[in-house]
Amino acid sequence: MTVPFLDLSAQYLELKSELDAALRRVVESAAFVGGEEVRSFERELGAYLGARHAVGVANGTDALEIALQALGVGPGDSVLTVPFTFAATIEAIVRVGARPMLVDVDEEDLTLNVEAAANRMERHRAKAVIAVHLYGHPADMQRLRALADAHGAALIEDAAQAHGASCLVDGQQRRVGSFGDAACFSFYPTKNLGAMGDAGAIVTQSEEVAERARLLASHGESEKYRHVLPNGRNSRLDAIQAAVLRVKLRHLDRWNAGRRALARHYGELLSGLPLRLPSERTGRRHVYHQYAIRVASRDRVKEALARAGIGTAVHYPLALHQQEGFRALVGNDERFPVSEASAREILSLPIFPQLDAHSVGRVAGELRRILAADQPQ
Ligand SMILES: *Cc1c(COP(=O)(O)O)cnc(C)c1O
């Protein structure tokens, strides 16, 4: 019996009749870009997240770039973020002409280290901070909000991996996406909320930011053939993706609960082994986009699991400052030891809502066997 890293067809089969009906509705309406389906998804997403405005765009990378522009970040500005993230976080900063200012991630939860960020911001002005909710674990949004406010910096959430994750604030769970001046979501098919192609959204509490984002994403057009910005573009969400996302949004909480149950199961079965389990900070609710363990000799463990028919992945094999394309962006004296160690040791195990507990047992059993064979006799 093999255990795939991810099985998106199982997700389709679970919702086949609902999804087929939604797809047919769009095809028959022949309204393929924008329109009522997109407006409805934007409303429903905003309501779900507790954000006043949501603007659908073509993908998560565009969401980051457009959010930066909508918040007035441009050439000459510095934007503070982490090197241990997907490339898009930093690409967006570079594409708007700003300079990435990197600080290391926290040893425990691998999100932006708030003390390191505070130190850096004392020494250098940041126009904006991008917090990444890596693997679905929320960054420390309350402290980051206070830090950004103290320095007059904008706060942006890269929530591409964290649909439905939340932080406890004043006794209530508040979903990520509602803390930043803007938050960016990707609905790439493999994300916790995934479309059947590329899709993304910017959410914000600010009408002004939403309005600017909407203009930037649609040729700066305030009404047909009235262009009020010179740097608009085409980054639209299409109706088929919106219709698919509306269906799946209704199942997101149940799916995230399923991911959390699988993570608990892994936690019980893997305890006591020579590896580091993902942690969940008190007051923060992880949605396990990835179940990422840290283990020495990761590549050998990964290969042994593959031989046993178990799919895994590495998010990410290098921190971004170690990548050829980004190397020139960091100073020679800058060090990111936690990011580098994580890149060497991180290993994502299979986790998706349709995975069964039996498969988790199989993965844990193989890991136990592989790691036991490693121990000196
Ligand atoms: C997926 C992802 C993105 C980019 O989203 P796309 O829709 O693929 O452009 C940005 N940031 C992070 C952390 C991601 O995981």
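**Exercise 1. The hairpin and its three-stranded sheet**

In the hairpin of β6 and β7, which residue takes a positive phi, and how many residues lie between the strands? Work out as well how the sheet around this hairpin is built.

*Solution.* The structure is a predicted model, in which local features need pLDDT of at least 70 and side-chain atom pairs count only at pLDDT 80 or more, whereas totals for chains, interfaces and linings use all residues. Residues are numbered from 1 along each chain as its sequence is written, and side-chain values use heavy atoms, with hydrogens and water left out.

Step 1. Two residues lie between the strands of the hairpin, and D170 takes the positive phi, near 50°. Helices (H or I, at least four residues) and strands (E, at least two) are DSSP runs, numbered from the N terminus.

Step 2. β6 and β7 run antiparallel and are joined by four bridges; two strands count as paired if DSSP finds at least two bridges between them. Within this pairing, V169 has Q172 in β7 as its bridge partner.

Step 3. Strand β6 (residues 166-169) is also joined to β12 by two bridges, again in the antiparallel sense, and here S166 stands opposite R285 in β12.

Step 4. The three strands therefore form an open sheet in the order β7-β6-β12, in which β7 (172-175) and β12 stand at the edges with a single partner strand each, so that one side of each is left without a neighbour in the sheet.

**Exercise 2. The seven-stranded sheet and its helices**

Determine the strand order of the seven-stranded sheet, and then place helices α4 and α7 against it.

*Solution.* Step 1. The order in this open sheet is β1-β9-β8-β5-β4-β2-β3, and the pairing is mixed. Because β1 (53-57) and β3 (99-102) each have a single partner strand, they stand at the edges, and one side of each is left without a neighbour in the sheet.

Step 2. Neighbouring strands are turned by 25° against each other on average, with direction ignored; axes are lines fitted to C-alpha atoms, for helices over the stretch in contact, and angles run from 0 to 180 degrees between N-to-C directions.

Step 3. Strands β8 (residues 182-186) and β9 (residues 200-204) pair in the antiparallel sense over four bridges, and C184 has I202 in β9 as its bridge partner.

Step 4. Helix α4 (residues 60-70) lies across several strands, including β1, β8 and β9, and runs at about 165° to β8. Helix α7 (residues 141-151) packs on the sheet as well, touching β4 and β5, and its direction makes about 150° with that of β5.

**Exercise 3. Two helices that cross**

How do α4 and α8 cross, and which residues meet there?

*Solution.* Step 1. The axes of α4 and helix α8 (residues 207-217) come within 9 Å and cross at roughly 125°.

Step 2. The two helices are therefore oblique to each other, since angles under 35 degrees count as roughly parallel, over 145 as roughly antiparallel, 65 to 115 as roughly perpendicular and the rest as oblique.

Step 3. I66, Q69 and A70 in α4 meet V209, R212, A213, L216 and A217 in α8, where contact means heavy atoms within 4.5 Å.

**Exercise 4. Two tyrosines with positive phi**

For Y225 and Y288, find the loop in which each residue lies, and decide whether each is buried or exposed.

*Solution.* Step 1. Most residues other than glycine have a negative phi, and most peptide bonds are trans. Phi of Y225 is nevertheless positive, near 60°, and that of Y288 is positive too, near 45°.

Step 2. Y225 is found in the loop between β10 (221-223) and β11 (226-227), while Y288 lies in the loop between β12 (284-285) and β13 (291-294).

Step 3. With a relative accessible area of 65%, Y225 is exposed, whereas Y288, at 8%, is buried; buried means under 20% relative accessible area, exposed over 50%, and partly exposed in between (1.4 Å probe, protein chains only).

Step 4. A further backbone feature is the peptide bond from H315 to Y316, which is cis, with omega near 10°. Y316 has its place in the loop between α11 (298-307) and α12 (337-345).
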